[in-house]
Amino acid sequence: MHVLFEEDGAFKAATLVADNDSSLQVETASGKRSKIKTANVLLRYSEPAPALLLDQAEVLSTGIEADFLWECVGDGEFSFADVANEYFGHAATAVEAAALLLALHAAPIYFHRKGKGRFRKAPADILQAALTGLEKKRQQALTIERMVAELKTFALPAEFPPLLGQLLYRPDRNRGETKALEAACSETGLSAAHLLERCGAIRSAHDYHLQRFLLEQFPHGTTFPAAELPSLPSGLPRAEVRAFSIDDATTTEIDDAFSLQKLPGLGWRVGIHIAAPALGIAPGSPLDEIARARLSTVYLPGSKITMLPNGVLDAFTLGCGRDCPAVSLYLTVTPEFEISAHETLLEVVPVVANLRHHDLEPLFNEQTIAEGLSDFAFRDELMTLWQLANACEGRRGKASAMQGQHDYNFRIDGDLGDAEACRVDISARKRGSPLDKLVAELMIVANSTWGGLLANKGVAAIYRVQTGGKVRMSTSPQAHEGLGVKQYAWSSSPLRRYVDLLNQWQLIACLNGQTPPFAARSDALFAALRDFELTYGAYAEFQRSMERYWCLRWLRQQVMDTIEATIIGRENLARLEGLPLIQRVPSAPELKPGQRIRLRIESIDFLTLGLACRYLETLGPATVAAGAADDEVLEAVD
């Protein structure tokens, strides 16, 4: 005697060895004996042998049509053995009964299980819904199969264009298009980006990286919402100074300017003038909401996304030939370049010049200063401010970290909409020049002085803090060890950084004797700090990635096979010559920082921003060891 039974969700056949009331001892075809519950037995039979039963039943069950079987049975609950007798028209054999059981079990949408070997046919409406869903899945499977076939021939399926952003950056694995793309990637060995590029879906690698950033940081687009432009403040006193700014040629958000007045017998009155959009933008206003959402201007080669609308920038930038509202810090400086006093005023400042680095540096540099300056506009002012900057640097006890560093300027010729057709020129400008030091030191003076003023008055602000080598944002006026100052509150770039705008609101309220808009330890203050730090970091990372993209484009544009590089860190981290491009070179022997090497450029991948280089030879030590500049000093210059 043999038995058909169910165990762990599977049907099994075995030979009966011992029959007890509640359990059976059986032996399988392999000779293994086991104990099973009597309740699990579905069928007792004498032939065929257990090893043959399920194989024969499986073959027979393929001819049983589920829909016909569903029509044959009644609406009530039934046993598979009873239906087997009716279906075959005679007392069903063990193979026939087992075949019908397998057929019922294989059609769950037609027959619902009600117990061991018992079923009930699905109601007509539920069956119809299930069949519709089944057909839908079948059609989806056919569609996926068709899309996979098209992708493998590098043809873009018609369903893909409206979903390209999602497929590239935020794939939904429940969608058929995503399943098709993943299957095609698996079969072709290509990544999603590379496969879609082969299909012509990616306009350019530049656009691929830009769209990823915009989707993450500007999901609603970069167009500014409608907002009323602020009116310029009235009633401010007009400063009796001739202010001038010092910036790169491409700078349009001019936040800072300087002035110098001779004080007979006392020294000088040095003015540090900062644009004052906080005088026109009210906290909580629509323009504040715009700035709060963006938190900073985004910079990338050939373009930028400003924090504030152009109308606001035009109104408050320290442009030449205009009287501009400003927050001015005046320093009383002795002939020995000691700062003996300072005061802060809200006023209108006449800006008489926007000086540019490329015009000034041939005239005002270390060599021309040593040899004696020629006659040019603002020569005397620049020389005095540079001497003051040197004295400030000495008092900080922190020598400039910018010596030997380079600032790289990218000039993109062409329409970024067709980035592949653009030409890129990359020029290096040595950091730590007299102009750099002049601007950086005066910005450090302004940010540390105003930070101290807010701290002494008990007015909340957001500070840059460095302790133990780690730089972070804080609402506590703690020391910045890297700069050698007691406190440092970003306040000098309110047109392009939200923290500076917030600190300017606090400073203006303090000067006017008003209640500051942000209370100490307020949720709004902490939220602005947290959001700014995260967003500012994301913007900086995007800028670095786009600079890397254009460096790779420059390498391809120059048709370079080899390039020199300088080792700057452990594990053969190298900086490519003439480029702000850092590359690890695993193939090089272990070398010391400052060692120059020659590399062969083997491959460039614009989508992954990957660069493969192979070590060729060691050239010798660099004349100036490469290293990372102090970020805070660079930020002060910027």
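Mentor: Let's start with a definition: helices here are DSSP runs of H or I that are at least four residues long, numbered from the N terminus. Keep in mind that this is a predicted model.

Trainee: Thanks! In which helix is leucine 454 found?

Mentor: Look along the chain for the helix that covers residues 434–456. Leucine 454 belongs to that run, which is helix H15.

Trainee: Is leucine 454 buried or exposed?

Mentor: A residue counts as buried when its relative accessible area is under 20%. Leucine 454 has a relative accessibility of 0%, so the label for leucine 454 is buried.

Trainee: Which residues is leucine 454 in contact with, leaving aside its neighbours within four places in sequence?

Mentor: Contact asks for heavy atoms within 4.5 Å. With those neighbours set aside, the partners of leucine 454 are Val459, Ala461, Tyr463, Asn503, Gln506, Leu507 and Cys510.

Trainee: What separates the C-alpha atoms of leucine 454 and alanine 489?

Mentor: Along the chain, these two are 35 residues apart. In space, their C-alpha atoms are separated by 9.0 Å.

Trainee: Now to helix H16: how far apart are its end C-alpha atoms, and why does that agree with what a helix should span?

Mentor: H16 runs over residues 498–512, which makes 15 residues. The expected span is 1.5 Å times one less than the number of residues. That rule gives 21 Å for H16, so it agrees with the separation of its end C-alpha atoms, 21 Å.

Trainee: How many residues of H16 are buried?

Mentor: H16 is mostly covered. Out of its 15 residues, the number buried is 13.

Trainee: Which residue just after H16 takes a positive phi?

Mentor: Step off the end of H16 and check the backbone angle there. Phi is about 70° at glycine 513.

Trainee: How far apart are the end C-alpha atoms of helix H17?

Mentor: H17 covers residues 523–557, a run of 35 residues. At 1.5 Å a residue it should span 51 Å. The model agrees with that, as the end C-alpha atoms are separated by 50 Å.

Trainee: Phenylalanine 337 has a positive phi too, so I'd like to place it. Where is phenylalanine 337 found?

Mentor: Its phi is near 65°, a positive value in a residue other than glycine. Phenylalanine 337 is also buried, with a relative accessible area of 14%. You will find it in the loop between strands S14 (322–333) and S15.

Trainee: And what is the relative accessible area of phenylalanine 378?

Mentor: Phenylalanine 378 sits in the loop between helix H13 (366–371) and H14. Its phi is positive, near 65°. It counts as buried because its relative accessible area is 11%.

Trainee: Which element gives the most to the lining of the second largest pocket?

Mentor: This pocket has a volume of about 520 Å³. Strand S15 (339–356), helix H14 (379–396) and H15 each give two or more residues to the lining. With seven residues, the one that gives the most is H15.

Trainee: Which peptide bond is cis, with omega near 5°?

Mentor: Go to the loop between strand S5 (41–45) and helix H1 (50–61), where proline 48 lies. The cis bond is the one from glutamate 47 to proline 48.

Trainee: Last one: which ring does the charged end of lysine 121 sit over?

Mentor: To count, NZ of Lys has to be within 6 Å of the ring centre and within 35 degrees of the ring normal. The charged end of lysine 121 is 4.2 Å from the centre of the ring of tryptophan 70.

Technical notes. Residues are numbered from 1 along each chain as its sequence is written. This is a predicted model: local features need pLDDT of at least 70, side-chain atom pairs count only at pLDDT 80 or more; totals for chains, interfaces and linings use all residues. Side-chain values use heavy atoms; hydrogens and water are left out. Buried means under 20% relative accessible area, exposed over 50%, partly exposed in between (1.4 Å probe, protein chains only). On a 1 Å grid over the protein atoms alone, a cavity is a set of points where a 1.4 Å probe fits but cannot get out, and a pocket is an open set with protein on both sides within 12 Å along at least five of seven lines; lining residues have an atom within 4 Å of a point. Grid points are joined across faces, edges and corners, and a volume is the space filled by probe spheres set on the points.
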